[in-house]
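Me: I'd like a close look at one part of this model rather than a tour of everything. Here it is.

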Amino acid sequence: MTPPSPALAALGGAPIGRTHRKVLLVVSAMFLFDLADLNTFAFAAPAIRATHHFTVQDVALVTALSFAGMAVGAVLGGRAADLLGRRLGMSAAVAVLSAASLLNAVVSTAGPMAAARALTGFGLGAMTAIAISYLSEVTPTTHRGRFQAVALGVGLVGIPLVAFTARAITVSHPASWRWLFVAGALGFLLLPLVLRLPESPRWLLSRGRTAEAEETVRRFVPDFRGGGQEEPRGTLPTAAPTARFRDLFAPGQRRNSLVMMVVWAFALTGFYGFQSWVPTLLADHGQDFAKSMTMSAITTIGAVPGAFLATPFIDRFSRKHLSVALGLIVAAIGIGYGLSSSTVAIMIFGVAFAALSQAYIAVLYSYTPEHFPTALRTAGSGLGNGAGRAANIVAPLIIAAVYTAPHLGYVGVFVFVAGTWLVATLTVAFFGIDTRGRPLEELHGRTAQDDGVPGGIPRPAATH
């Protein structure tokens, strides 16, 4: 294994400083808008059904096309960020999702609503794939997981914010659901902040831009003096070969790519199968409209401490083992929720599900970028994320079919949700790798200067 470059050694071992905190603040704000907008339709759906007579199948169609947009955005946005840079990719994603959110506010029929949500989803998918990779690349090795958990935890405030706002403005005036989408356009305010973030030094090195990378590292590590003393600058490549998207499935990388695709596909199906459908299912399961909105809103409160719950453990223990333990618990809680009939039990299981599933997502956000080399990191993260979103194109239709089946119905939906969590958990248990506390370059057996994937064949990633 070649030693890491002086720049990346300094970046990985740096103490947390002002630039790290600025990055964390801006990425957290991005996640706040991301997760708020992602859940807006779920909480607006009951009001839209009441005012515009959407059927369960209409809700399923809009939800499915929203995930289709996320899938395409994650894959294309992730690949674009590998070619054009993390900062430009995040800025474009924020602009798209903010503009599309305004479009959501002016439509009121199923077809146009589905198209508007697909465009919003494109921006959401791209932003998530790029942001988790960027945060992983600029964070010191011992804090990679913690930063992801904190950013997600702050972002999750957006879910109860949307839920309680929807409860406040739509119960008495269902037609006011449009204001929920107008609020999503405030993401435009983030653009100047995103454009001022430092580019990822790892990405700069992977493109052969050594001088820029070292200058950027100094923003994170002010006392870094550069690599000239340790390594003659003339030995560094002036331009790195461009990795191809198909290299994600080359020998040595194929297993990691497939594992992440399966885990994201089933985990997100279980996650959104619960999150997106609970308000509608409760309203149709004997709860009046106001009560179902209140119960759904209270349930989302558990999501915020959920991500922070992972903070003390995420860098201390194996992310593989944490994800397995959390996945098993979440599956059991999903069954408990479906079997509960009293309001108190539904609330307890709902809050627990929201909290622990978000702790799992925090681990997954940290775990995913670690499976890919720099030249393919956002493409790989986008591929996994995109697989999860693509699965949810079909999943809402399956959930609608399960719910309307004579002998399955409400309980059957939550049995299905629990099953998806089990598949994701078993995949990690049998095929996942251990990445805890290891520099990104060590996980892929090369320095960032080599991360252009010479010859198009990624070297083997970490094994057990």
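In which helix is alanine 42 found? Please start there and tell me how that helix packs against its surroundings.

Reply: Bear in mind that this is a predicted model. Alanine 42 is found in helix 2. With a relative accessibility of 6%, alanine 42 counts as buried, because the cut-off for that is under 20%. There's also a long-range pairing to look at: tyrosine 272 lies 230 residues away from alanine 42 along the chain, yet their C-alpha atoms are separated by 9.8 Å.

Now the helix itself. The axes of helix 2 and helix 5 (residues 110–138) come within 10 Å and cross at roughly 155°. Angles over 145 degrees count as roughly antiparallel, so that is how helix 2 and helix 5 run relative to each other. As for handedness, helix 2 passes helix 5 in a left-handed crossing. On the helix 2 side, the contact is made by His20, Val23, Val27, Met30, Phe31, Asp34, Asp37, Leu38, Phe41 and Ile48. Facing them from helix 5 are Met113, Arg117, Thr120, Leu124, Met127, Thr128, Ala131, Ile132, Tyr134, Leu135 and Val138. Sorted by class, this contact between helix 2 and helix 5 has 15 nonpolar, 3 polar and 3 charged residues.

Met30, one of the helix 2 residues meeting helix 5, turns up again in the largest nonpolar core. That core has 121 residues, and Met30, Tyr360 and Trp421 touch the most other members. Helix 2 (residues 18–52) supplies the largest share of this core, 16 residues. If you follow tryptophan 421 and set aside its neighbours within four places in sequence, you'll find it in contact with Phe266, Ala267, Gly270, Phe271, Gly327, Val330, Ala331, Phe353, Ser357 and Tyr360. So Tyr360 and Trp421, both on that list of residues touching the most other core members, are in contact with each other.

For another helix pair, look at helix 6 (residues 144–155) and helix 17 (residues 343–367), which pack at an angle of about 130° with their axes 8 Å apart. Helix 6 and helix 17 are therefore oblique to each other, and their crossing is right-handed. Helix 6 brings Arg144, Gly145, Gln148, Ala149 and Leu152 to the contact, while helix 17 brings Gln358, Ile361, Ala362, Tyr365 and Ser366. By class, the contact of helix 6 with helix 17 has 5 nonpolar, 4 polar and 1 charged residues.

Technical notes:
Residues numbered from 1 in each chain as written. Predicted model: local features only at pLDDT ≥ 70, side-chain atom pairs only at ≥ 80, totals over all residues. Heavy atoms only, no water. Core = buried A, V, L, I, M, F, W, Y, C linked by side-chain atoms within 4.5 Å. Buried < 20%, exposed > 50% of the residue type's maximum accessible area, 1.4 Å probe, protein only. Helix = DSSP H or I, 4+ residues; strand = E, 2+ residues; numbered from the N terminus. Contact = heavy atoms within 4.5 Å. Axes fitted to C-alpha atoms, helices over the stretch in contact; angles between N-to-C directions. Parallel < 35°, antiparallel > 145°, perpendicular 65-115°, else oblique. Left-handed = near helix turned anticlockwise from the far one by under 90°. Nonpolar A, V, L, I, M, F, W, Y, C, P; charged D, E, K, R; others polar.
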